[in-house]
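Here are my notes on the model you sent, set out as numbered points so that each can be checked against the coordinates.

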Amino acid sequence: MTDYQPIPLEGFREYPQDEMRARAEAFYGEIKRRHTVRQISGRPVSREVIEACLRAAGTAPSGANHQPWHFAVISDPAIKGKVRAAAEEEERTFYAGRASEDWLEALKPLGTDENKPYLEAAPYLIAIFGQRRGGIEPGENVKNYYVTESVGIATGFLIAALHHAGLATLTHTPAPMNFLTEICGRPSTEKPFLLLVVGYPAEGATIPVHATIKKPLEQITSWL
Ligand code: IYR
């Protein structure tokens, strides 16, 4: 690892107060239109757009800047089919009894079940992995830190970037997700974090009313 070497901060932009306020409100206005979409169309999406969004995700802060993430981008219909089959198998046991009564109760307003047609319909599935070991340089094998936090933040960036580009996403977390390691050919030092389904919303796509309820500021903050 190289020693500390400072260079000037160049990208930072300061805005006049009015503009700062307007930008903050504008961002909120845009991000609040994001919703998880469970009806995804098969309409193709350009790979360049996905690449740009992944580059944005890759700028996320991470423990010791090790960037402990891997994004396996699946567009091959045969692989999507395998993912769907494996995910639905897990989900069948989940909905048939592995999930607690409380959990199933909590899911009712979402209207989900064990059928996951979007795993085949969507143009892209992005399987996101956290790397327990790695480092920055290719081939490095040092310990990574705050892996879950880092991958979570990068995933947040990715979801925001895709929404900003005009695409819908669905965060899918079949439990357990170990089948993703094998299907994507990832090493056992990586842990599947989440499967992101990406595409355009299907014609007439709906969302649950439940999803529109966002806690007001007073409920999610305290100012000390
Ligand atoms: N993985 C299941 C169940 C599920 C769990 C939660 I927590 C959700 O917010 C949504 C679904 C499924 O995908 O159906």
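The points below go from the overall fold to the ligand site, and then to a strand and two individual residues.

1. Please keep in mind throughout that this is a predicted model. The protein has 8 helices and 6 strands, and from the N terminus on its elements follow the order α-α-β-α-α-α-β-β-β-α-β-α-β-α. The C-alpha trace spans about 55 × 45 × 40 Å along its principal axes.

2. Of the 224 residues in the protein, 34% are buried. The exposed surface of the protein comes to about 14,300 Å², with 55% of it supplied by carbon and sulfur atoms. Among contacts with a separation of 6 or more, 79% are between residues 24 or more positions apart.

3. Turning to the ligand, the residues that surround it are Glu-91, Phe-94, Tyr-95, Trp-103, Leu-107, Leu-110, Thr-112, Asp-113, Lys-116, His-172 and Thr-173. By residue class this shell divides into 5 nonpolar, 3 polar and 3 charged. Helices α3 (77-98) and α4 (101-107) each supply at least two residues of the shell, and α3 gives the most, with 3 residues.

4. Which side chains place a polar atom 2.5 Å from an oxygen atom of the ligand? Tyr-95 does so, and Lys-116 has a polar side-chain atom at 2.5 Å from a ligand oxygen as well. In the case of His-172, an N or O atom of the side chain is 3.3 Å from an oxygen atom of the ligand. On its own the ligand has 370 Å² of accessible area, and the protein covers 72% of that.

5. Thr-112, a member of the shell around the ligand, is found in the loop between α4 and α5 (118-121). The side chain of Thr-112 makes a polar contact of 2.7 Å with the side chain of Tyr-95, and Tyr-95 in turn has a polar side-chain atom 2.5 Å from a ligand oxygen. With neighbours within four places in sequence left aside, the residues in contact with Thr-112 are Arg-38, Tyr-95 and Leu-107.

6. Strand β2 (residues 124-131) deserves a separate look. This strand is largely enclosed by the rest of the structure, because 8 of its 8 residues are buried. In a regular strand, side chains alternate between the two faces of the sheet. In β2, Tyr-124, Ile-126, Ile-128 and Gly-130 point one way, while Leu-125, Ala-127, Phe-129 and Gln-131 point the other way, and all are buried.

7. The pairing of β2 can be followed through Phe-129. Strand β1 (residues 69-74) pairs with β2 in the antiparallel sense over 6 bridges, and His-70 stands opposite Phe-129. Strand β6 (residues 190-199) also pairs with β2 in the antiparallel sense, over 8 bridges, and there the bridge partner of Phe-129 is Pro-192.

8. Is Leu-170 buried or exposed? Leu-170, which is found in strand β5 (residues 168-172), has a relative accessible area of 1% and therefore counts as buried, the cut-off being under 20%. Not counting residues up to four places away in sequence, Leu-170 touches Thr-36, Val-37, Arg-38, Tyr-118, Leu-195, Leu-196 and Val-197. The C-alpha atoms of Leu-170 and Pro-109 are separated by 16 Å, the two residues being 61 residues apart along the chain.

Technical notes. Residues numbered from 1 in each chain as written. Predicted model: local features only at pLDDT ≥ 70, side-chain atom pairs only at ≥ 80, totals over all residues. Heavy atoms only, no water. Near = heavy atom within 4 Å. Polar contact = N/O pair within 3.5 Å; in protein donor to acceptor, adjacent residues only side chain to side chain. Areas by Shrake-Rupley, 256 points an atom, 1.4 Å probe, with all protein chains shown as cover. Helix = DSSP H or I, 4+ residues; strand = E, 2+ residues; numbered from the N terminus. Nonpolar A, V, L, I, M, F, W, Y, C, P; charged D, E, K, R; others polar. Buried < 20%, exposed > 50% of the residue type's maximum accessible area, 1.4 Å probe, protein only. Pairing = 2+ DSSP bridges. Contact = heavy atoms within 4.5 Å.
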